[in-house]
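Colleague: I would like to learn how to read the fold of a model. Can we go through it feature by feature?

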Amino acid sequence: MKLRHIIASAILLVSISCGKTKTEETGYVSAKIQGHVSGFDKPIGFWVNGINTQLDLDGNGNFAFQHDSIAEGTYTLSFGNEESLAVYLKQGTNLVLDIDVNKIKGRDKKAVSITGENVEETQLLYELKVNAPSYQYDRVAYKEVYLPKVDKKNPTEFEAYQLELMEKERAIVKKYVDNKEIREAFLEVYNVELLLNYNFKFKLYERNVKRFNPDKDWKVPAKFKAYFKDEIPQNDFDLYHKSSRYAMYIREGYYNEMHSVLSKYQRESMEYFKAEIAYLDTCSFPVLIKDDITNGLVISYMRANDSEIRTYLESEIYKKIKDAAVIKRFEDFKAGENAYADGKPAPQFTLTDINGKEVSLSDFKGKMLMMDCWATWCAPCIKGIPKFNKLREKYKGKNIEFVLVSVDENVALWKKKVKENKNNMYPGIQLNTSINNNTFKKDLMVQGIPRYILIGADGNIIRREAPHPGSEELYALINDNL
């Protein structure tokens, strides 16, 4: 399954009513963020509920952002795809941040200094971050070392461990509530997201415990499938606007109800999409839910390769979707896609390999090129690499080159993993998009990984989103164009 940095729907900025000043009554506040960043020299992502803008750094790594009417709530500052910092904006917030991204990567608890006015929630969010188990490991070790260790616990041990982690987190929050002024609006969202986070961990346990303990016949309690169901509010549409995680949880229930009705159709087929739209026209879902599910047609369009399905979805998108932000994203996607569409000349690029050598598209002139875009932290990517290598062996000696293109921003970690080369996972040319200045990801719209790109010997794009290695469709594409 692709890990996409695209959302299925664009939800309006958080709206919280707290009944103080006229500005606050509408849920919008005056706030400022300023500071200095080291170890990172690109624009900072500024996210809320999947909506992204950017904060530019000057030549000295300084940045500033001020808004007289911005929605109160939690925002995320992202430093590329791998590191981030949560901040909370409320009336009168003046955040002063000193951020060392390299220290964040090294899991130094003093990587971020937070001072200023009305910054208590942001300080709390950072303390929660650095005390979370995930902060004790780098991204790969967390997945490959920590999570398997947790899932090797039997159900009783696993339950006790998760509840212990929850209590530790609640204790940190209580310390702040007892000693500082923490917003009720913040606590409302925090409490439900805490439940949702651990609800998800319990839900995954049954699948993971079988994977990591194939020799055990442990019976997983039924309550693990919805551990905090009775404590998580249902259909609270005020909270729905405040928390994207809660909104996803509520939508999932409606999605499941819809998919059970549409299960007789092949997913993402023309018949399925027509049935889905007909269902949304007649079902009794709340209007907000209908609108958000309908916004997801944009994602369906992006995933579809069939031109007839795309034509149908485009027509329905313009008829059904009323959110201007979603339509703009749709049109931006189409514009980017048209720039380097299948059949057109591929964009020129120069990337750096594992040994520091620059490699350009022109170096493969006269050869077909198959690229696998991946990252060390992407589990589906790692799982797919052996199939990519089998493809490489199948066409050994043919007029085709196979290249792994990493989007890792932690270049040192990428080099370490590739050079270890366990089980000969990483033979051949190894490139990275984060070493030099390039527009590779933007030009080829690498918005999710794993991603496979096939370019012909003539330099034209055969398939910008090629089928996964091992599929008959990919074999046919390669054979037809060799």
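Modeller: Start with strand pairing. Two strands pair if DSSP finds at least two bridges between them. Keep in mind that this is a predicted model.

Colleague: In which sense do β2 and β8 pair?

Modeller: Strand β2 (residues 28-38) and strand β8 (residues 93-100) run parallel, with eight bridges. Ile33 sits opposite Leu95 in β8.

Colleague: Which strands belong to the open sheet with β2 and β8, and in what order?

Modeller: Four strands, in the order β5-β2-β8-β9, with mixed pairing. The edges are β5 (62-71) and β9 (112-117), each paired on one side only. Neighbouring strands are turned by 15° on average, direction ignored.

Colleague: Next, helix packing. What describes two packed helices?

Modeller: The angle between their axes and the distance between those axes. Take helix α5 (residues 155-179) and helix α6 (residues 184-212). Their angle is about 165°, and their axes lie 11 Å apart.

Colleague: Why are α5 and α6 called roughly antiparallel?

Modeller: Angles over 145 degrees count as roughly antiparallel. The α5/α6 angle is about 165°, so these helices are roughly antiparallel to each other. Their crossing is right-handed.

Colleague: Which residues of α5 and α6 meet?

Modeller: On the α5 side, they include Phe158, Leu165, Met166, Val173 and Val177. On the α6 side, Leu187, Tyr190, Leu194, Tyr198 and Phe202 are among them. By class, this contact has 13 nonpolar, one polar and four charged residues.

Colleague: How do α4 and α5 cross?

Modeller: Helix α4 (residues 139-151) and α5 cross at roughly 125°, and their axes come within 9 Å. That makes α4 oblique to α5. From α4, Tyr146, Val150 and Asp151 take part. They meet Phe158, Tyr161, Gln162 and Leu165 in α5. The classes here are five nonpolar, one polar and one charged. Phe158, Gln162 and Leu165 also belong to the α5 residues that meet α6.

Colleague: Now a single helix. Which residues of α10 are buried?

Modeller: Buried means under 20% relative accessible area. In helix α10 (residues 287-295), Ile289, Lys290, Asp292, Ile293, Thr294 and Asn295 are buried.

Colleague: What do the buried residues of α10 pack against?

Modeller: Six helices are listed by name: α7 (237-242), α8 (244-262), α9 (270-282), α11 (297-303), α12 (307-320) and α13 (324-339).

Colleague: What is the strand order in the open sheet of seven strands?

Modeller: Read across, the order is β11-β10-β14-β13-β12-β16-β17, and the pairing is mixed. β11 (358-360) and β17 (461-463) are the edge strands, each pairing on one side only. The twist averages 35° from one strand to the next. At one end, strand β10 (residues 350-353) and β11 run antiparallel, joined by three bridges. Leu351 faces Val359 in β11.

Colleague: Which strands do helices α15 and α17 touch?

Modeller: Helix α15 (residues 411-420) touches β10, β12 (368-374), β13 (400-406) and β14 (429-432). Its direction makes about 170° with that of β14. Helix α17 (residues 472-481) touches β12, β13, β16 (451-455) and β17. The direction of α17 makes about 150° with that of β17.

Colleague: Why is β12 described as largely enclosed?

Modeller: Count its buried residues. Seven of the seven residues of β12 are buried, so the rest of the structure largely encloses this strand. Met368, Met370, Asp372 and Trp374 point one way, and Leu369, Met371 and Cys373 the other.

Colleague: How does β12 pair with β13 and β16?

Modeller: With β13 the sense is parallel, over seven bridges. The bridge partner of Leu369 is Glu401 in β13. With β16 the run is antiparallel, with five bridges. There, Cys373 has Arg451 as its bridge partner.

Colleague: Which residues cover the two faces of β16?

Modeller: Arg451, Ile453 and Ile455 lie on one side, Tyr452 and Leu454 on the other, and all are buried. That is five of five residues.

Colleague: What links β16 to β17?

Modeller: They form a hairpin, with five residues between them. Gly459 in the turn has a positive phi of about 85°. Two bridges join these antiparallel strands. Ile455 stands opposite Ile461 in β17.

Key
Residues numbered from 1 in each chain as written. Predicted model: local features only at pLDDT ≥ 70, side-chain atom pairs only at ≥ 80, totals over all residues. Heavy atoms only, no water. Axes fitted to C-alpha atoms, helices over the stretch in contact; angles between N-to-C directions. Parallel < 35°, antiparallel > 145°, perpendicular 65-115°, else oblique. Left-handed = near helix turned anticlockwise from the far one by under 90°. Contact = heavy atoms within 4.5 Å. Nonpolar A, V, L, I, M, F, W, Y, C, P; charged D, E, K, R; others polar. Buried < 20%, exposed > 50% of the residue type's maximum accessible area, 1.4 Å probe, protein only.
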